[in-house]
Amino acid sequence: MKYFVVFFFLTLSLITQAQTVNPSEKVSGYIYNDNTKLPLINVNIININKVRGARTDASGYFEIDVQPTDTLHLSLLGFQSLRVKVTNDWIKNKMAKIYLTEKAIALEEVVIRPFNLTGYLEVDSKTIPVNENFRYSISGLTHGYEAGEYSPDAFGKVLGSIFNPADMLYNFFGKNGKDLKKLKEMKKDDTVRNLLESKFDRETISVLLGVDKKEIAEILQRCNYSESFIQTANDLQIMDAISGCYEEYKILKKG
């Protein structure tokens, strides 16, 4: 009994010590335009490790919860995205100045082609493309949205990946399980959710999941989401689609 008590308190002490290691810290900084040296407003900052977000104010200021060695992803439309490692010096000094570089974007000619309507409904109805997508979902939003074409083989593709180790979904879901758990955490942070709802470039999701943007499209295709959804959905909808497919995968794998 004596040895059990000693072992119990030793274990409790180790657990308590482990919980106090690397407590959450708060760092802050100012983000500027590298060219003009002026502060940048509404720069999106995401802690990739904790999936927590922040945004700069009118003076370029932000603050965010971190731990040593966390990585922050900084992005703003028209500027090169930047990853910054949280160092002990930054945590100690609390403040940092960061500069973002503008992108050199060459605008190409855009040709707008309107529908050539004849005025006859029977003829015109056959010339206007119609996307038949039937699945709807809500991701903490007050409205629904199109989330892909549903068909009887949707579960079949996910199920097939479980029994085929060479399948794209099997490899992705098997290797990225830890990162995919971040998808649920992302919904808890209003800054991250609002950011994803306003973005359509897949950059943030790509960074958080550690995959290429092209792989995201391939994953959604394997999960039976329509091409129109993949091309037009915002990043929050894409995140919800991947999360839903992953949940289906886990259920079928357990079965």
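**View 1. Ser226, a buried serine in a loop of this predicted model.** Ser226 has a relative accessible area of just 7%, and because buried means under 20%, this residue counts as buried. Look for Ser226 in the loop between helix 10 (213-222) and helix 11 (227-232). Its side chain has a partner here: a polar contact of 3.2 Å links the side chains of Ser226 and Ser228.

**View 2. The largest nonpolar core.** This core has 33 residues, and Phe173 and Ile242 are the two that touch the most other members. Who chips in two or more residues? That would be helix 5 (168-175), helix 7 (182-186), helix 8, helix 9 (203-209), helix 10, helix 11 and helix 12 (235-254). Helix 12 gives the most, with eight residues. In soluble globular proteins, nonpolar side chains tend to be buried together.

**View 3. Ile242 and its contacts.** Which residues does Ile242 contact, leaving aside neighbours within four places in sequence? They are Phe172, Leu180, Leu183, Leu209, Ile216 and Leu220. Elsewhere there is a second, separate core of 20 residues, and among its members are Val43, Ile64, Ala96 and Leu100.

**View 4. An open sheet of four strands.** Read across the sheet and the strand order is 3-2-5-6, with antiparallel pairing. Strand 3 (52-55) and strand 6 sit at the edges, each pairing on one side only. From one strand to the next, the twist averages 25°. Zoom in on strand 2 (residues 44-47) and strand 3, and you'll find four bridges joining this antiparallel pair. Here Ile45 stands opposite Ala54 in strand 3. Helix 8 packs on the sheet, where it touches strand 2 and strand 3, and its direction makes about 75° with that of strand 3.

**View 5. The hairpin of strand 5 and strand 6.** Strand 5 (residues 71-75) and strand 6 (residues 82-85) run antiparallel and are joined by four bridges. One pair to pick out is Leu74 with its bridge partner in strand 6, Leu82. Six residues lie between the two strands, and in the turn Gly78 has a positive phi of about 95°.

**View 6. The buried residues of helix 8.** On helix 8 (residues 190-198), the buried residues are Val192, Arg193, Leu195 and Leu196. Why do they lie on the same side of helix 8? Because they cover an arc of only 160° around the axis.

Note on methods. Residues numbered from 1 in each chain as written. Predicted model: local features only at pLDDT ≥ 70, side-chain atom pairs only at ≥ 80, totals over all residues. Heavy atoms only, no water. Buried < 20%, exposed > 50% of the residue type's maximum accessible area, 1.4 Å probe, protein only. Polar contact = N/O pair within 3.5 Å; in protein donor to acceptor, adjacent residues only side chain to side chain. Pairing = 2+ DSSP bridges. Arc of directions from axis to C-beta. Core = buried A, V, L, I, M, F, W, Y, C linked by side-chain atoms within 4.5 Å. Contact = heavy atoms within 4.5 Å. Axes fitted to C-alpha atoms, helices over the stretch in contact; angles between N-to-C directions.
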